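Student: I would like a close look at one part of this chain, set against the rest of it. Please take the surroundings and the charged pairs as well.

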Amino acid sequence: MKTEISAEDNYQYFTNLVAELPPIHKDSITSRTLFSNDRIKVILFGFASGQELSEHTASVPAIIHILSGEADVVLGAEKIQAQDGTWAHMPAHLSHSVYATTDLVMLLILLHE
C-alpha cells in the first residue's frame, strides 16, 4: 500500500514494492512508474518467466535492483546471474539486456543528468 504525505512533507512511501505491481500474466512484461521528476524516474517491472528486454542502451545512467526472482542480465560484455537483492549501476549508453529465468520483479531507476 502506498502512502502519500502532504506536499509540505514532500515524500512518498511504499510499504511493499512488489505489491505495487499489477499481476504478471504469462508471456508478458508489466511496468508501473512509481515516481518521476526532472532528475529521476523510478519504474517497477514484472516479467513472466522467459520474457526479456532485448539488448539496448539508455541515454542516461541507470540502476537496476532485482527485488524477487532470477534473471540473466548482460551488462556490456558480461553476463550476470541476478537474483533477489542484485543491484547494478549502469553508465549512460552501456549495452544491456534482461532475461527472466523465473518470474521476476525489478526496480529500474533512471538518473537524468
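Is Glu 70 buried, partly exposed or exposed?

Tutor: The model is a predicted one. In it, Glu 70 counts as partly exposed, because its relative accessibility is 41%, and partly exposed covers the range between the cut-offs of 20% and 50%. Glu 70 sits in the loop that joins β6 (62-68) to β7 (71-75). Leaving aside neighbours within four places in sequence, Glu 70 is in contact with Ala 82 and Gln 83, and also with Tyr 99, Ala 100, Thr 101, Thr 102, Asp 103 and Leu 104. Of these, Leu 104 belongs to β11, which spans 104-111. Leu 111 is in β11 too, yet 24 Å separates the C-alpha atoms of Glu 70 and Leu 111, which are 41 residues apart along the chain.

Past the end of that strand comes Glu 113, in the segment after β11. Glu 113 is exposed, because its relative accessible area is 84% and exposed means over 50%. From the C-alpha atom of Glu 113 to that of Asp 27 the separation is 34 Å, with their positions 86 residues apart along the chain.

Next to Asp 27 in sequence is Ser 28, placed in the loop between β2 and β3. A relative accessible area of 17% makes Ser 28 buried, since buried means under 20%. Not counting residues up to four places away in sequence, Ser 28 touches Gly 46, Phe 47, Ala 48 and Gln 51.

Now the charged pairs. Side chains of opposite charge can pair when their charged atoms come close. The count of salt bridges in this model is 2. One is formed by Glu 20 and Arg 32, with 2.5 Å between the closest N and O atoms. This pair links distant parts of the chain: Glu 20 is in the loop between β2 (12-14) and β3 (29-36), while Arg 32 is in strand β3, 12 residues apart. Glu 20 is buried, at a relative accessible area of 11%, whereas Arg 32, at 26% relative accessibility, counts as partly exposed.

The other salt bridge brings us back to β7, the strand that follows the loop of Glu 70. Here Asp 72 pairs with Lys 79, and their closest N and O atoms are 3.8 Å apart. Asp 72 is buried, with a relative accessible area of 14%. Lys 79 counts as exposed, at 52% relative accessibility. Over the whole chain there are 6 positive and 14 negative charges, and the mean positions of the two sets are 4 Å apart.

As for the setting of these parts, the chain has 11 strands and 0 helices, so defined that a strand is a DSSP run of at least two residues. Its radius of gyration is 14 Å, which agrees with the value near 13 Å that a compact globule of 113 residues would have. Taken along the principal axes, the C-alpha atoms fill a box of roughly 45 × 35 × 20 Å. Buried residues account for 35% of the 113 residues. The accessible surface comes to about 6,800 Å², and carbon and sulfur atoms hold 50% of it. Of the contacts between residues at least 6 apart in sequence, 60% join residues at least 24 apart.

Conventions. Residues numbered from 1 in each chain as written. Predicted model: local features only at pLDDT ≥ 70, side-chain atom pairs only at ≥ 80, totals over all residues. Heavy atoms only, no water. Helix = DSSP H or I, 4+ residues; strand = E, 2+ residues; numbered from the N terminus. Rg over C-alpha atoms; globule rule 2.2 N^0.38 Å. Buried < 20%, exposed > 50% of the residue type's maximum accessible area, 1.4 Å probe, protein only. Contact = heavy atoms within 4.5 Å. Areas by Shrake-Rupley, 256 points an atom, 1.4 Å probe, with all protein chains shown as cover. Lys, Arg positive; Asp, Glu negative; His and termini not counted. Charge placed at Lys NZ, Arg CZ, Asp CG, Glu CD. Salt bridge = Lys/Arg side-chain N within 4 Å of Asp/Glu carboxyl O.
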